[in-house]
Amino acid sequence: GRLPSEAEWEYANRAGASSSYFWGEDMNGDFAWFQENSTANIHEVGGKKPNPWGFYDMSGNVWEWVADWYRESFYEMSSKVDPDHNPQGPPAGQFILIRGGSYKEDPFFLRSAARFWYEPSIKSDDLGFRCAAEREMK
């Protein structure tokens, strides 16, 4: 496995939706652990409902580290690129890019488009990762 790119992560999180969250426009605690329902703790994966593609905890529980480095202008740059070609972030940088929000966060940070960054040396109990696997296209 490998870390997903930022574009791959958002594609998997949205599961075909264009709303603020893959489940709609308003926070729904049935799908995510966040500040108001987590009792200030990380929870075992699968304790909430999955997105339509079967992925659990894409929003909330822990921030997920993606393969791309943080660049503030990523969306400006990627909007000029065909999204089917998985636009890549910069090859190096000062900050790692994280997605999905965590159990400590306000619902704003759990939106499908929300993005944040950390210095690579920082360790936090609300920071994790999800592996992406290559699949053969038929």
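**Reading contacts in a predicted model**

Mentor: In this predicted model, the side chains of K49 and D30 come together in a salt bridge, with 4.0 Å from N to O. The pair joins distant parts of the chain, since both K49 and D30 lie in the loop between α1 and β1 and are 19 residues apart.

Trainee: Are K49 and D30 buried, partly exposed or exposed?

Mentor: The general idea is to read relative accessible area against fixed cut-offs, where under 20% is buried, over 50% is exposed and the range in between is partly exposed. K49 therefore counts as partly exposed at 46%, and D30 is likewise partly exposed, with a relative accessible area of 41%.

Trainee: Before other pairs, how many helices and strands does the protein chain have, and in what pattern do they follow along the sequence?

Mentor: The protein chain holds two helices and four strands, and reading along the sequence gives the pattern α-β-α-β-β-β. Of its 138 residues, 41% count as buried. As for contacts between residues at least 6 apart in sequence, 67% of them join residues at least 24 apart. The accessible surface comes to about 8100 Å², and 54% of that belongs to carbon and sulfur atoms.

Trainee: How many salt bridges are there, and which residue forms one with R99?

Mentor: The count comes to nine salt bridges. R99 forms a salt bridge with E10, and the closest N and O atoms of that pair are 2.9 Å apart. This pair also links distant parts of the chain, with R99 in strand β2, E10 in helix α1, and their positions 89 residues apart in sequence. Both R99 and E10 are buried. A salt bridge may also be read as one part of a network, and here E6, E10, R14, R99 and R115 are linked in a network of salt bridges.

Trainee: Which residue meets E64 in a salt bridge, and is E64 buried or exposed?

Mentor: The partner of E64 is R130, the closest N and O atoms being 2.8 Å apart. E64 belongs to strand β1 and R130 to the segment after β4 (127-129), so that the pair links parts of the chain 66 residues apart. At 5% relative accessibility, E64 falls under the 20% cut-off and therefore counts as buried.

Trainee: What does one look at in a pair of aromatic rings, and how are the rings of Y21 and W23 arranged?

Mentor: A pair of aromatic rings is described by the distance of the centres and the angle of the planes. In this model the count comes to eleven aromatic pairs. The rings of Y21 and W23 have centres 4.9 Å apart and planes at 10°, so this pair is stacked. Y21 is buried, with a relative accessible area of 6%, and W23 is buried as well, at 18%. Elsewhere, ring pairs link W63, Y70, F108, F109, F116 and W117 into a cluster.

Trainee: Which charged residues sit over the rings of W33 and F108?

Mentor: Here one reads the distance of the charged end from the ring centre. The charged end of K48 sits over the ring of W33, 4.1 Å from its centre, and R111 lies over the face of F108, at 4.0 Å from the ring centre.

Trainee: Where do the serines S38 and S112 lie, and which residues do they touch?

Mentor: With a buried residue, the list of contacts shows what surrounds it. S38 lies in the loop between α1 (6-14) and β1 (63-69), and S38 is buried, with a relative accessible area of 1%. Leaving aside residues up to four places away in sequence, S38 touches W33, H43 and Y103. S38 and Y103 are 65 residues apart in sequence, yet 5.7 Å apart in space, C-alpha to C-alpha. S112 lies in the loop between β2 (96-99) and β3 (115-118), and is buried at 0%. Its contacts, with the same residues left aside, include W9, E10, Y21 and R99.

Trainee: Which residues of α1 are buried, and is Y11 buried or exposed?

Mentor: In α1, the residues E6, W9, E10, A12, N13 and R14 are buried. Y11, which also lies in helix α1, is exposed, with a relative accessible area of 58%. Y11 joins W53 and F55 in a nonpolar patch on the surface, with about 340 Å² of accessible area together. The helix is followed by A15, whose phi is positive, near 50°.

Notes. Residues numbered from 1 in each chain as written. Predicted model: local features only at pLDDT ≥ 70, side-chain atom pairs only at ≥ 80, totals over all residues. Heavy atoms only, no water. Buried < 20%, exposed > 50% of the residue type's maximum accessible area, 1.4 Å probe, protein only. Contact = heavy atoms within 4.5 Å. Areas by Shrake-Rupley, 256 points an atom, 1.4 Å probe, with all protein chains shown as cover. Phe/Tyr/Trp six-rings, centres within 6.5 Å; stacked < 30°, edge-to-face > 60°. Lys NZ or Arg CZ within 6 Å of the ring centre and 35° of its normal. Patch = residues over 30% accessible without salt bridge, like charges linked within 9 Å, V, L, I, M, F, W, Y side chains within 5 Å.
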